[in-house]
Amino acid sequence: MENTNYAIETNNLSIHYGNFTAVKGVNMKVERQKITAIIGPSGCGKSTLLRAFNRMNDFVPSCHVTGELLLDNQNLYGKNVDPVEVRRKIGMVFQKPNPFPKSIYENIAWGARINGFKGKMDELVEQSLRSAALWDEVKDKLQQSAYALSGGQQQRLCIARTIAIQPEIILMDEPASALDPISTLRIEELMQELKKNYTILIVTHNMQQAARASDYTAMMMIDDQRAGGVIEFDDTKAIFTRPKDKRTEDYVTGRFG
Amino acid sequence: MKEEVIHLKSLEAQSFRHFDLKKKLRISESIIQGLLFFAGILSIFVTIAIVYELGKEAMLFFALPDVTFAKFFGTTKWQPGIGQYGIWALVSATLTTSTIAMLISLPLGLASAIYLSEYASPRLRSILKPILEILAGIPTVVYGYFALLFVTPILKSFLGEDLSVYNMLSAGLVMGIMILPLISSMSEDALSAVPRALREGAYAMGATKLETSLQVVLPAALSGIGAAVIIGISRAVGETMIVAVAAGAGPNFSFNPLEAAETMTGHIARISGGDLSYNSIDYNSLFAIALMLFLVTLVLNLISQWVVNKFREQYE
Amino acid sequence: MNTPNTLPYPQGNAFYSTLRKRYLTATIWQSLFLGSLLIAIIVLMALIYNVIDGAFGYIAYEYKNSPSEFTATAPNELTKEELLVILKDNLSRGAYNKLDEEQTMETRSQSDLLNLFFERLVRLDTKQTWSMTESLSKGAEIQAEVAEKYPDAVLEFRSWLTPQFLTAPMSSRAEFAGVRTAVLGSLWLVGIAIAFALPIGTGAAIYLQEYAPKNWFTSIVQTNINNLAGVPSIVYGMLGLAVFVRVMESFTSGAMFGVTDSNGRTILSAGLTMGILVLPLIIINAQEAIKAVPDSLRQAAFGVGATRWQTIWHHVLPNALPGIMTGSILALSRALGETAPLIVVGASTFISLDPDGPFSKFTALPIQIYQWTTRAQSEFHAIAASAIIVLLILLLTLNATAILLRNRFQRRW
C-alpha cells in the first residue's frame, strides 16, 4: 500500500561534482498529488537536488549521483534507465520562463509529438492550455510567437507544455522568482489546481510561498563541509509552526542569513 | 611621526600650492585626437575611393554609344573588343560555381558546427577547431592548385571525357571546402549563443539530444546561420584564384558544371594580368564588372550584418 | 480565475514509446555531423598530400649537349672561376652581357653559375616527370618506360624543394627556377602593407573604442569597416590599379624621387594595396584587443588625474598590445597569401632581379605559384608544389608565432 501513496522516494541520495559532495544523504518520500516545497538558504543545493529528480544534472560532465531515487520501485539512476524516458515522466519548469522560439501552439505540441503522441493534437493543446489557465488569454493567437506573451504567461505556457506530455511529477525550480506578484499569485493558484492530478515538487526562496502553497516542506542546509542536506522534512504546518530543528526555526523566523 | 607630517606639508607648499581648475588647452592631446580621428575615418575614404574610381571608369564604359543596359544585361556573349557586352556570359559561371560551393559548404559547414557546438567534448573540440582554422588559413591560390591538379583528375576518372580539363565543377567543389570553415565557425557562434535554458527546456520534456539540437537550438539560431550563409555567398562570388586556375579562361554562357567557363572575378584577373592599356574598352569594362561585384557583395554583407545584429538583440 | 478543465491523472495511454527509433535516428544524424567534419579533415589531408606528392618524384631528362663537350672534369666539381671561363667562352656575347647586366657574373655563386652551365650550355631537357606516389609505387614500370621511350635519358628521383630552390632566382626553366625573387618580393609587400596598416589601423581602433561618441556617424564608420572586411580582394586590386598605379603614378613609380625607367606597377603600389586590404582586419582585431582591457584600469588612471591620451598610452595600449600584435600577424598572413590583387596591380610575369627598393617591379610567392600552376608542363607543377610548401611553412611560422604570443601574454581579467 505504501507505494501507492508515494510518487517518488529517495534513498540516501547524494550528488557529487568531481570530489566535492554538493548534496549529501537525502531521504525523502514525496507524496502523490501533493505539493512538496524545498526551502533553504542560497547555495544549499536545492536546485541541484531538484535537478537530480529528472536527471538534468547528467549534462554537467563532472556530476555523478549515488544512492537511490525510486519511482515505482525503479531506481532512476539504475543501469538500464533511460534519462529521456525519465524526463518524459518527470517534467520540469524552470526559474526563468524558457518557451521555445516557436508559436504558442508548437510550444505545446512539440514535446507531445516527439514523445510519440498519437491522439488529437488540437485537443491536447487546448486541454493543456486550459489546465494551465492560459487558454482564454491565448486561444485567438495560437499561431503567434510565444515570445509575444508576458513573462507570467510565458511561465504558464511552460507549465502547459509540461502538462502536455502528461508526466507523473512536475518539478518547479523557483517558477515565480522572475515574475511580478500578480503573476506569482496566478502560478500559486494554478499549482493548487494541478495538484489534483500531479505531484509537484517546488524549490523556492520565498518562505511565504512555501507556507501558503505547499503541503510538505523539506528544509535544506549546508554542513561544515559545505555539503547540502535535508535537515528536516515534515508537514508544512509543522515546519513553520513547531520546527524540531533549531536551524529550521532560525531560518523560518528570519533569524538566519 | 610628527616630523613626517611637517615634511609632507612643506612639500605641498612647494609644488601643489595653486589650485587652478580652469580648463587647460592641451595642444598635444588635441593633435593626437585629431590624428586618431583621421585614422578612424580613413576607412570611409577607402569606400568612397572604391565607389568613385570604380564608378568613374565604369561610367566611361557605359557611356560608350555601343554599350546599352539592354545589351549588358540582356545578351549572353562577352567580348568588349568586338562589340559584345553580355555580362551573363560571366555571371552564369559565377552563379554556377557559387551554387556548387554553397551546396557543399552549407550542409557540411552546418553539420560540422552542430557537431562542434552540441556534441563534441571540450577536448575533441580543441583538436577539431584548429583543423578547420588551418583550412581557413590556406591561401586560395593553393586551393586552385588543388582543384586543378587533384580534384579535376579524380573527377575525370569518374566522369571521363564529359568533363573538360578546366571546369566549373571542380572549382565549385573546392570553393565549397574553402568556405566551409567560415560557415562552420559563424554557425557555431550562432548555435552557442542560444541560451542554455532553451536546451534544458527541451531536455526536460524528454527530448533526445538530436531532437533538441535540430528542432529547438537550430531554429533558434537560424538568423545567425542565415547571416553565415549570406557571407558565404559573398565570399564565393568574390573568390578569384580558385576559379582563375581551375574553372577556365574564356567567357562561356553556360550553367553546365562540366564545362569550362570564366567567372566575373576570373575574367578580371585574366584580362588585367595581360597587357592592358589604360582607357581601352577592355580596361573600362573590367571596372564595370568590378563595380557590379562590389555592389553585390556590399548588399550581401550589409544584409548579413543586419541579421547578425538583430540576432544578438534577441538574446541580449 | 476560470476553472481549468484538467487532464485526467496521467496514464500514458496516448503516448507510444518510440525511443528505439528515436535513438537510431539520433545515431545516424550524429554520424552525419561527425562525417562532415571528417570530410573537411580528409580534404585537408588530401591537399597536403597532393602538394607533397607533387614536389618529389622521378624525372627523366636528356642533355642536348654533353657536359664533356665543355669540360673534362665532372661539372659538379668545377670551381666558380672555371665555370666563369666556360660560360664566357661558350655563350654568345649578347647572352653573356645580358646575364651580366642582371647580376654581375663575378658576384654570382658557384651553384648559380653551375645552373647557368646546365641551363644555357648543356641544355638539360626534361622529358617527363612523375609524382611521388607514382615514383614509389611503380618505380620498375617507370624505369622500363623510360628505357623504351627515351633511351638516352637519365632517370633520377628528384626533390624539387631544395636549398637551391630557395636561393635561386626566377628562371624560364623549371629545373633551375627558384623562389628567391618571389620570397623577397613577398617580404617587401607585407612589410610595406604592415608599415602602412598597423599604425593607421591601431589609431582607428583607439579612436573608435576610446574617443568616438556613440552616434550615427560612428556607427556608419563601424559598419563601413565591417563591410570593407568583406569586400572581395580583387576589388581592392582594381582600386590599387586605379589609384596607386595610375593616379599616384609619379609617387609610386618613384618619378617624384628621381627614379626613372619605372611605371606605377611597383612594389610600393602593391604594398599599399595590400595595406588597404588588411586595414579593416587590423582595425577589427585591435578593437577587440582594446575592448578586452577592463574599464577599471582606465578609471584608475583617470582617478589619479591622467589625461585621456596618457591613460591610453600608459595603460590601455600596453595591455592591448599582445592582442593587437596577434591580430596584425594574422592580417600579415592574409596578405602573404593574397594573389588576385597583385595580379590586377600588375605583378611581373617574369623577373629574375631581386627587388632593390619600393620602386622595383615585383613578383610574389603566390604569383609564382599561380603562374607555375597554370603552365601546361608538369615540371612547372612540381615547382609550384615546392613553392606552395615554402608558402605554407611561412604561414605556419607566422601563425605559430601569433598563437605563442597569444598564449604567452594572454591575461585573464
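These exercises work through domains, interfaces, burial and salt bridges in a predicted model.

## Exercise 1. Two domains of chain B

Task: Describe how domain 1 and domain 2 of chain B are placed and what kind of contact joins them.

Solution.
1. Start with the bounds. The domain assignment gives domain 1 as 1-63 and domain 2 as 69-315 in chain B.
2. Count the contact residues. Domain 1 of chain B supplies 11 and domain 2 of chain B supplies 13.
3. Take the separation. The centres of the two domains of chain B, over C-alpha atoms, lie 42 Å apart.
4. Take the area. The two domains of chain B bury about 1000 Å² between them, and 87% of this is on carbon and sulfur atoms.
5. Sort the residues by class. The side of domain 1 of chain B that touches domain 2 of chain B holds 7 nonpolar, 2 polar and 2 charged residues.
6. Look for charge pairs. The count of salt bridges between the two domains of chain B is 0.
7. Look for polar contacts. The rule finds 0 residue pairs in polar contact across this interface, with both residues at pLDDT 80 or more.

## Exercise 2. The interface of chain C and chain B

Task: Characterise the interface of chain C and chain B by area, residues and polar pairs.

Solution.
1. Count both sides. Chain C brings 76 residues to the contact and chain B brings 77.
2. Add the area. About 6700 Å² is buried between chain C and chain B, and carbon and sulfur atoms give 76% of it.
3. Find the main contributors in chain C. F33(C), M238(C) and R246(C) lose the most area to chain B, together 10% of what that side buries.
4. Count the charge pairs. The rule finds 2 salt bridges across the interface of chain C and chain B.
5. Pick out a pair. E57(B) and R246(C) meet through their side chains in a salt bridge, at 3.5 Å from N to O. R246(C) also appears in step 3 among the residues that lose the most area.
6. Count the polar contacts. There are 11 residue pairs in polar contact between chain C and chain B, both residues being at pLDDT 80 or more.
7. Locate the main element. Helix α1 (residues 19-55) of chain C gives the most to the side that touches chain B, with 22 residues.
8. Sort by class. That side of chain C divides into 54 nonpolar, 18 polar and 4 charged residues.

## Exercise 3. Burial in chain B

Task: Decide whether helix α8 (residues 196-203) of chain B is enclosed or open, then place A246(B) in its surroundings.

Solution.
1. Apply the cut-off. A residue is buried when its relative accessible area is under 20%.
2. List the helix residues that pass. In α8(B), these are L198(B), R199(B), E200(B), G201(B), A202(B) and Y203(B).
3. Conclude. With 6 of its 8 residues buried, helix α8 of chain B is largely enclosed by the rest of the structure.
4. Turn to A246(B). A246(B) belongs to helix α11 (residues 241-246) of chain B.
5. Check its exposure. A246(B) has a relative accessible area of 0%, so A246(B) is buried.
6. List its contacts. Leaving out residues up to four places away in sequence, A246(B) touches G144(B), A147(B), L148(B), Y166(B), N167(B) and A171(B).
7. Compare sequence and space. A246(B) and V165(B) are 81 residues apart along the chain, and their C-alpha atoms are separated by 8.2 Å.

## Exercise 4. Salt bridges

Task: How many salt bridges does the whole structure hold, and where do the partners D72(A) and R32(A) lie? Then examine the pair E62(C) and K127(C).

Solution.
1. Take the total. The search finds 32 salt bridges over all chains.
2. Take the pair in chain A. The side chains of D72(A) and R32(A) form a salt bridge, 3.9 Å from N to O.
3. Locate the partners. D72(A) is in the loop between β5 (63-71) and β6 (74-75) of chain A, and R32(A) is in the loop between β3 (29-31) and β4 (35-39) of chain A, so the pair ties together parts 40 residues apart in sequence.
4. Check exposure. D72(A) is exposed at 51% relative accessible area, whereas R32(A) is partly exposed at 22%.
5. Take the pair in chain C. E62(C) and K127(C) meet in a salt bridge at 3.7 Å, N to O.
6. Locate the partners. E62(C) sits in strand β1 (residues 56-63) of chain C and K127(C) in strand β2 (residues 124-129) of chain C, 65 residues apart.
7. Check exposure. E62(C) is buried at 18% relative accessible area, while K127(C) is partly exposed at 32%.
8. Finish with a network. R51(A), R196(B) and E200(B) are joined into one network by salt bridges that share partners.

Key:
Residues are numbered from 1 along each chain as its sequence is written. Chains are lettered from A and ligands numbered from 1 in the order in which they are written. This is a predicted model: local features need pLDDT of at least 70, side-chain atom pairs count only at pLDDT 80 or more; totals for chains, interfaces and linings use all residues. Side-chain values use heavy atoms; hydrogens and water are left out. Domain bounds come from an automatic or database domain assignment. Contact means heavy atoms within 4.5 Å. Buried area is the accessible area (1.4 Å probe) that two parts lose on being put together, summed over both. A salt bridge is a side-chain nitrogen of Lys or Arg within 4 Å of a carboxyl oxygen of Asp or Glu. A polar contact is a pair of N or O atoms within 3.5 Å; within protein, one must be able to donate a hydrogen and the other to accept it, and residues adjacent in sequence count only if both atoms are side-chain atoms. Ala, Val, Leu, Ile, Met, Phe, Trp, Tyr, Cys and Pro count as nonpolar, Asp, Glu, Lys and Arg as charged, and the others, Gly among them, as polar. Helices (H or I, at least four residues) and strands (E, at least two) are DSSP runs, numbered from the N terminus. Buried means under 20% relative accessible area, exposed over 50%, partly exposed in between (1.4 Å probe, protein chains only).
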